[in-house]
Amino acid sequence: PELIFRSLGGSYTAITNFFLIGMAYLYLIESGEKYVCFSYSLLAGMADHKLVIFPLALLTKKIIFKDKNISSWFLVAGFLCGLFIYWIYGASVDLKMFYIQHFRHHLINRIFHISDLGYSHYPGLFEYCISYANGMGLLVFILGIISLILLIRNYKLNIFSFWFFAGALSFSLVDWKETKHLNFLTIP
């Protein structure tokens, strides 16, 4: 129930999932439409910085498997440009407040686990994973993990494994320890 509820309307989750699915689709079809890949991921970068898990997955796959898919470069570049445009916009509205809210409170403090906004009881990694597995359904979670491990051998479809594990690692290290963030890993 948690995954269904959050995926359908929980704040920014629907639009984030839309962009994640779109970036995966553009990567998988390998159409060579570099402008489509770039512009789509540019919009994604402006929409939600947590979408960084997909460009991280693309870069990780490129490094490990020497991935030749040209779309991945345009997806990563578009995302970074979109993120930069968002930062320029935020800074132009109110530089000091943008720095405090976006960079210090929401990014830097969460990377270094500084809780000056009153966040409390972030679960440990094991508790975090169990909570996510329970929200998804333990059987579905176990079958999903097994499938993602087996999928590593499929050169094209292993992007789903990279997406899941890059996101799981990122959201476990950064202080975004609410299972709503792990929703972005449910698609793969």
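1. A polar contact is a pair of N or O atoms within 3.5 Å; within protein, one of the two must be able to donate a hydrogen and the other to accept it, and residues adjacent in sequence count only if both atoms are side-chain atoms. Keep that in mind for asparagine 69, since the backbone nitrogen of serine 71 lies 2.8 Å from a polar atom of its side chain. The backbone oxygen of tyrosine 27 also lies 2.8 Å from a polar atom of the side chain of asparagine 69.

2. A word on the source: this is a predicted model, where local features need pLDDT of at least 70, side-chain atom pairs count only at pLDDT 80 or more, and totals for chains, interfaces and linings use all residues. Residues are numbered from 1 along each chain as its sequence is written, and side-chain values use heavy atoms, with hydrogens and water left out.

3. Where does asparagine 69 sit? Look in the loop between helix 4 and helix 5 (71-111); helices here are DSSP runs of H or I with at least four residues, numbered from the N terminus. Asparagine 69 has a relative accessible area of 4%, so it is buried (under 20% relative accessible area, with a 1.4 Å probe and protein chains only). Leaving aside neighbours within four places in sequence, asparagine 69 is in contact (heavy atoms within 4.5 Å) with Tyr27, Glu30 and Lys62.

4. Now turn to a pair of helices. Helix 2 (residues 13-29) and helix 4 (residues 53-65) pack at about 25°, and their axes are 10 Å apart; axes are lines fitted to C-alpha atoms over the stretch in contact, and angles run from 0 to 180 degrees between N-to-C directions. That angle is why helix 2 is roughly parallel to helix 4, a label for angles under 35 degrees. Helix 2 brings Leu20, Met23, Ala24 and Tyr27 to the contact, while helix 4 brings Ile53, Phe54, Leu58 and Lys61.

5. Phenylalanine 54 belongs to helix 4. Is it buried or exposed? Phenylalanine 54 is buried, at 0% relative accessibility. Beyond its neighbours within four places in sequence, phenylalanine 54 is in contact with Leu20, Met23, Ala24, Tyr27, Ile159 and Trp163. From phenylalanine 54 to serine 72 there are 18 residues in sequence and 9.8 Å in space, C-alpha to C-alpha.

6. Finally, find asparagine 158 in the loop between helix 7 (138-151) and helix 8 (159-173). Asparagine 158 is buried, at a relative accessible area of 0%. With neighbours within four places in sequence set aside, asparagine 158 is in contact with Lys61, Phe65, Leu151 and Ile152.

Technical notes. Helices (H or I, at least four residues) and strands (E, at least two) are DSSP runs, numbered from the N terminus. Angles under 35 degrees count as roughly parallel, over 145 as roughly antiparallel, 65 to 115 as roughly perpendicular and the rest as oblique. Buried means under 20% relative accessible area, exposed over 50%, partly exposed in between (1.4 Å probe, protein chains only).
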